[in-house]
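Let's take a stroll through this structure, starting with its pockets and moving on to its salt bridges.

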Amino acid sequence: EMSELLDGTAEVTDKQKIEIAKWFLLNSPSGEIQYVAKDVKELLRNEKFYGTAAAEAFPIYNKSHMICLEFPNTSGEVLITSFNEIAKNEYLDPRSAQVAVVDHVKQVCERIRPAADEELPSSYIEEYRGALDAEVMKYVGEAYPSGFSSVYCINGKDVEEIGSDFELAVAISAVKTRPQNFCTGSWQSSWTMLFKDDLQIVEVKGKVQVEAHYFEEGNVQLDAKNECKDSTMFQSPDDCAISLANIIRHHEAEYLNYLQTSYSKLPDTTFKDLRRKLPVTRTLFPWHHTLQFSLSRDMKKSLGL
Amino acid sequence: YYEGGISSVYMWEDENEGFIACFLIKKDGSKSAHGKRGYLQEGSWDAIHVIQVAPEEETARYCLTSSVMLSLTTSDESSGSFNLSGSLRRQMSMELSISEGHLCNMGRMIEEMESKLRNSLDQVYFGKTKEMVCTLRPPSEIIDMSLPKS
């Protein structure tokens, strides 16, 4: 089926067209999906197909890239993630106790409403969530020139007192788009914190995803991912917040270091395995001596002709 | 240059008493293939050089179009995966004396072009993506850690 598609002999079905359109949208580099959408629309020349592909692709893209949308009254922002999804187009911002209603395809927050009591965590959980949110905000303010963060309770939000487990999630998202400089990039971290009551520890799991795209007269993309684990003691909300923010700060700084080291290894080690800068002889190839090399002569020799 | 790798050359005549040559190079630099240093989980380099040759009296005009496509992935247990992929295409035209023959002329042009592309990728393109990462999260020498109050 694929070979028929590639040599142009197969008819592309409507369903396949939508899937291909979806693929292009989902794989757009950070901050470039609207440019890709414009091109995909032109390729498809079918409003209905584009509509279907976009309706399916945009929500997935927005959540995996943890995009940040401004409130209509510019009083704040909301991150779009799987952690704070209340309904298909409703996302909770615990910091302001509001719910944002969004249009995924337009990537716009259309309106905000106050969160209902049952959408918010208990005051016990809110002590932990709020303290961590404040510490993470401080860290993100220092470490990311254009970053946003939020903290959500993803399990046990109705826990009222000591004695039960609960789980918080931290989302950090930074995007830079400079189309006039042909460069875009993004950094997303998500950290889950499982507060275990019996062991009195907090189990931390982190995921970082970094992308960058440079496309001036060429096209190169970076796609880097990492996962890590850590833990700390289950203490008071303030002490936990400081400890956990330090864990995040430490691991993310280490990861940035790793990325920088990977880049520095490229010229003489990793990239060298694809093509050396100079031949093994350390001189340019002797093109004027090519009469010395002859495939047919070598073959004749080894065949004994 | 490749310490492994495969290449093919195809040539055909064109209507102006000249000819066109196509030099294709493919390298799999992953550690399971021809990656000598063993850092790459996945690594592929594809170069396509198409050179049009138009002979004149004592010289010939050469028009070279080169494309390089590559993808490299390093990965290890503790640090996750790191992938750079991309493509570049450039053109170069030269009029050269044919005293040393076409092979010399074409070969030197292709070698110069390929090295230029390789260096451009390494220094400019990879460098710009690194610059973007450092713009998103600038490296800081001082890790300012708060201490718990208790």
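How much space lies in the second largest pocket? Keep in mind that this is a predicted model. The answer is about 700 Å³. Of the 32 residues lining that pocket, A:Ser64, A:Lys207, A:Val208, A:Gln209 and A:Lys225 sit closest to its centre. Both chains pitch in: two or more lining residues come from each of α4 (47–64), β9 (183–196), β10 (201–214) and β11 (219–233) of chain A, and also from β5 (80–97) of chain B. The largest share belongs to β11(A), with eight residues. Sorted by class, this lining holds eight nonpolar, 16 polar and eight charged residues.

Now for the largest pocket, with a volume of about 980 Å³. There are 29 residues in its lining, and the closest to the centre are A:Phe285, A:Trp287, B:Ser7, B:Val9 and B:Phe23. In chain B, β1 (6–13), β2 (19–28) and α1 (102–136) each bring at least two residues to this lining. The top contributor is α1(B), which gives six. The class split here is 20 nonpolar, six polar and three charged residues.

On to the charged pairs. Side chains of opposite charge can pair when their charged atoms come close. Over all chains, the count comes to 20 salt bridges. Here are three of them:

| Salt bridge | Closest N to O distance |
|---|---|
| A:Glu85 and A:Lys63 | 2.9 Å |
| A:Arg129 and A:Asp133 | 3.7 Å |
| B:Lys26 and B:Asp46 | 2.7 Å |

Start with the pair in the top row. A:Glu85 belongs to strand β3 (residues 85–87) of chain A and A:Lys63 to helix α4 of chain A, so this bridge ties together parts 22 residues apart in sequence. A:Glu85 is partly exposed, at 32% relative accessible area, and A:Lys63 is partly exposed too, at 23%.

What about the middle row? A:Arg129 and A:Asp133 are both in helix α5 (residues 123–143) of chain A, four residues apart, or about one turn of the helix. Are they buried or exposed? A:Arg129 is buried, with a relative accessible area of 3%, and A:Asp133 is buried with 3% as well. They also have company: A:Arg95, A:Glu126, A:Arg129 and A:Asp133 are linked in a network of salt bridges.

That leaves the pair in chain B. The bridge between B:Lys26 and B:Asp46 links distant parts of the chain, with B:Lys26 in strand β2 and B:Asp46 in strand β3 (residues 42–55), 20 residues apart. B:Lys26 is partly exposed, with a relative accessible area of 47%.

Technical notes
Residues numbered from 1 in each chain as written. Chains lettered and ligands numbered in written order. Predicted model: local features only at pLDDT ≥ 70, side-chain atom pairs only at ≥ 80, totals over all residues. Heavy atoms only, no water. 1 Å grid on protein atoms, 1.4 Å probe; cavity = no way out; pocket = protein on both sides within 12 Å on 5 of 7 lines; lining within 4 Å. Points joined across faces, edges and corners; volume = space filled by probe spheres on them. Nonpolar A, V, L, I, M, F, W, Y, C, P; charged D, E, K, R; others polar. Salt bridge = Lys/Arg side-chain N within 4 Å of Asp/Glu carboxyl O. Buried < 20%, exposed > 50% of the residue type's maximum accessible area, 1.4 Å probe, protein only.
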